[in-house]
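Work through these exercises with the model open beside you. Try each task before you read its solution.

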Amino acid sequence: MTSQDLGPSEPSAIRIGALVPLTPPGWVEAGRHLLAGLELAVDHVNDTGGIAGRPLELVVRDTAADPRKATAAVAELARLGVAALAGEFHSVVARAAATEADALGVPFLCSSGVLDALTEEPTQWVARLAPAQSHGWRRYGDFLLGAGHSRIAVATEPSAYWASGTRILRDHLAPRGGTVTELDLRALTSEALCDALADTRATALLLLAGFPEPAVPVVRAVRRDQRLTEVVIGAPAGQPEFPAWSALLGGDGVAVPFLRYLPEHLGPLGTRVGTALRERLAAAPSFVAFEGYDTIAVLADILRSHGTDRARIAASWPRVAVEGTRGRISFSRAPGIGVWQWTWAPTQVADRDPSHPDRFRVLRRG
């Protein structure tokens with residue numbers, strides 16, 4: 001059951017606020033996958049009797065990748081009486097939502113935002129399913145070194161998320177002999193970036209930039225530059241996971257390693273959910289869709305055991321033990337992380353197979 005307006009809810013419904021990017025400049029495709037997972041899980045809960053006979057209802061708010069909209073949505077949803085908040089894909093937006101949820105005392109289970117500092121100070125109100133950025137991006141750095149890439153260039157835009165990723169990679173690679181050179185996409189056209197990249201003698205270029213702009217023009221320009229035929233293009237933030245990547249780039253979009261948060265093989269629950277998500281999306285579900293499903297699975301388990309009181313929900317994070325689509329989920333306090341954290345969701349480095357662009361190759365697990 002999903003509501004996107006302020007109309008009356010069923011009297012007995014338990015409301016969950018859902019924060020999702022559904023319009024530009026948000027990554028709409030990722031938002032669709034996240035919402036599909038959230039909605040499918042709500043349907044499954046309600047098809048099996050709800051929460052002690054009460055249906056779950058999603059109250060959806062579009063964040064459009066705007067931290068201010070997310071902050072306002074959290075305040076509105078708190079006034080509407082939601083039991084908890086769920087979702088959000090963009091890390092900077094998730095941080096704004098987490099800060100407001102903490103201030104208002106509303107439990108927030110973040111599905112996909114990965115910034116380590118999701119809140120400035122430790123909080124009892126926020127938990128997270130996605131791995132912290134430092135965990136995933138260090139694994140990506142290990143992949144690069146293992147594949148023989150120690151001279152790395154990053155094509156980057158201004159963002160706390162991209163700046164954090166660059167810092168993580170540099171700090172992780174430097175003690176192992178690696179270097180990271182930043183190429184500022186604000187100052188460089190795609191052609192000028194190719195010239196600068198050739199000068200760096202880097203063997204890998206990482207796209208730390210928005211999709212489709214400017215990532216798609218950069219990929220096309222690098223692929224067509226004869227000086228750069230041996231340069232590997234990477235996208236640690238996961239853009240190649242989504243169908244639009246392949247649709248826009250075709251053969252230029254294959255063999256671009258990215259991070260995804262899936263096990264090598266899904267278990268029975270993950271397989272069933274994956275089949276249902278594929279039908280709902282009319283496309284292969286991304287890891288973001290599974291994150292959405294697992295978010296509701298966790299919240300439903302808490303609501304069954306602890307009721308709808310917000311303080312009791314927040315106090316229950318350390319007692320969670322739920323079988324999710326990608327493994328057993330529990331939360332702990334990870335060093336340097338101020339929220340309750342699943343440590344860790346399964347992590348892969350994967351790419352699109354040049355022989356079958358609709359298939360993925362797992363390049364590294366960890």
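**Exercise 1. Describe how helix 2 passes helix 3, and say which residues make the contact.**

Solution. This is a predicted model.
- Step 1: find the hand. The crossing of helix 2 with helix 3 is right-handed.
- Step 2: find the geometry. Helix 2 covers residues 67-80 and helix 3 covers residues 91-104. Their axes come within 8 Å and cross at roughly 35 degrees.
- Step 3: list the residues. Helix 2 brings Pro67, Ala70, Thr71, Val74, Ala75 and Ala78. Helix 3 brings Val92, Val93, Ala96, Ala97, Glu100, Ala101 and Leu104.
- Step 4: sort them. Eleven residues of this contact are nonpolar, one is polar and one is charged.

**Exercise 2. Analyse the contact of helix 1 with helix 10 in the same steps.**

Solution.
- Step 1: helix 1 and helix 10 also make a right-handed crossing.
- Step 2: the axes of helix 1 (residues 28-47) and helix 10 come within 7 Å, with a crossing angle of roughly 35 degrees.
- Step 3: helix 1 uses Ala30, His33, Leu34, Gly37, Leu38, Leu40, Ala41, Val42, His44 and Val45. Facing them in helix 10 are Val288, Ala289, Gly292, Tyr293, Thr295, Ile296, Ala300 and Arg304.
- Step 4: the contact of helix 1 with helix 10 has twelve nonpolar, five polar and one charged residue.

**Exercise 3. Give the strand order of the four-stranded open sheet, then place the helices that pack on it.**

Solution.
- Step 1: the order is 8-7-9-10, and the pairing is parallel.
- Step 2: strand 8 (179-184) and strand 10 (232-234) are the edges, and each pairs on one side only.
- Step 3: from one strand to the next, the twist averages 25 degrees.
- Step 4: check one pair. Strand 7 (residues 151-156) and strand 8 are parallel, with six bridges. Within this region, alanine 153 has threonine 181 of strand 8 as its bridge partner.
- Step 5: add helix 4 (residues 133-146). Helix 4 touches strand 7, strand 9 (204-208) and strand 10, and its direction makes about 160 degrees with that of strand 9.
- Step 6: add helix 7 (residues 215-224). Helix 7 lies across strand 9 and strand 10, at about 165 degrees to strand 9.

**Exercise 4. Explain why strand 11 and strand 17 each have one side without a neighbour in their sheet.**

Solution.
- Step 1: write the order. This open sheet has three strands, ordered 11-16-17, with antiparallel pairing.
- Step 2: look at the ends. Strand 11 (258-260) and strand 17 (356-365) are edge strands with a single partner strand each, so one side of each has no neighbour in the sheet.
- Step 3: the twist here averages 45 degrees from one strand to the next.
- Step 4: strand 16 (residues 348-353) and strand 17 are antiparallel over six bridges. Alanine 350 stands opposite valine 362 in strand 17.

**Exercise 5. Decide whether aspartate 294 is buried or exposed, and compare its surroundings with the nonpolar core.**

Solution.
- Step 1: recall the cut-off. Buried means under 20% relative accessible area.
- Step 2: apply the cut-off. Aspartate 294 has 0% relative accessibility, so it counts as buried.
- Step 3: place the residue. Aspartate 294 is in helix 10.
- Step 4: list its contacts. Beyond four places in sequence, aspartate 294 touches Leu129, Gly324, Thr325, Arg326 and Ile329.
- Step 5: turn to the core. The largest nonpolar core has 124 residues, and Ile16, Leu56, Leu205 and Phe331 have the most contacts inside it. Helix 10 gives the most to this core, with twelve residues.

How values were computed. Residues are numbered from 1 along each chain as its sequence is written. This is a predicted model: local features need pLDDT of at least 70, side-chain atom pairs count only at pLDDT 80 or more; totals for chains, interfaces and linings use all residues. Side-chain values use heavy atoms; hydrogens and water are left out. Axes are lines fitted to C-alpha atoms, for helices over the stretch in contact, and angles run from 0 to 180 degrees between N-to-C directions. Helices (H or I, at least four residues) and strands (E, at least two) are DSSP runs, numbered from the N terminus. A crossing is left-handed if the near helix is turned anticlockwise from the far one by less than a right angle, and right-handed if clockwise. Contact means heavy atoms within 4.5 Å. Ala, Val, Leu, Ile, Met, Phe, Trp, Tyr, Cys and Pro count as nonpolar, Asp, Glu, Lys and Arg as charged, and the others, Gly among them, as polar. Two strands pair if DSSP finds at least two bridges between them. A nonpolar core is a set of buried Ala, Val, Leu, Ile, Met, Phe, Trp, Tyr and Cys residues joined through side-chain atoms within 4.5 Å. Buried means under 20% relative accessible area, exposed over 50%, partly exposed in between (1.4 Å probe, protein chains only).
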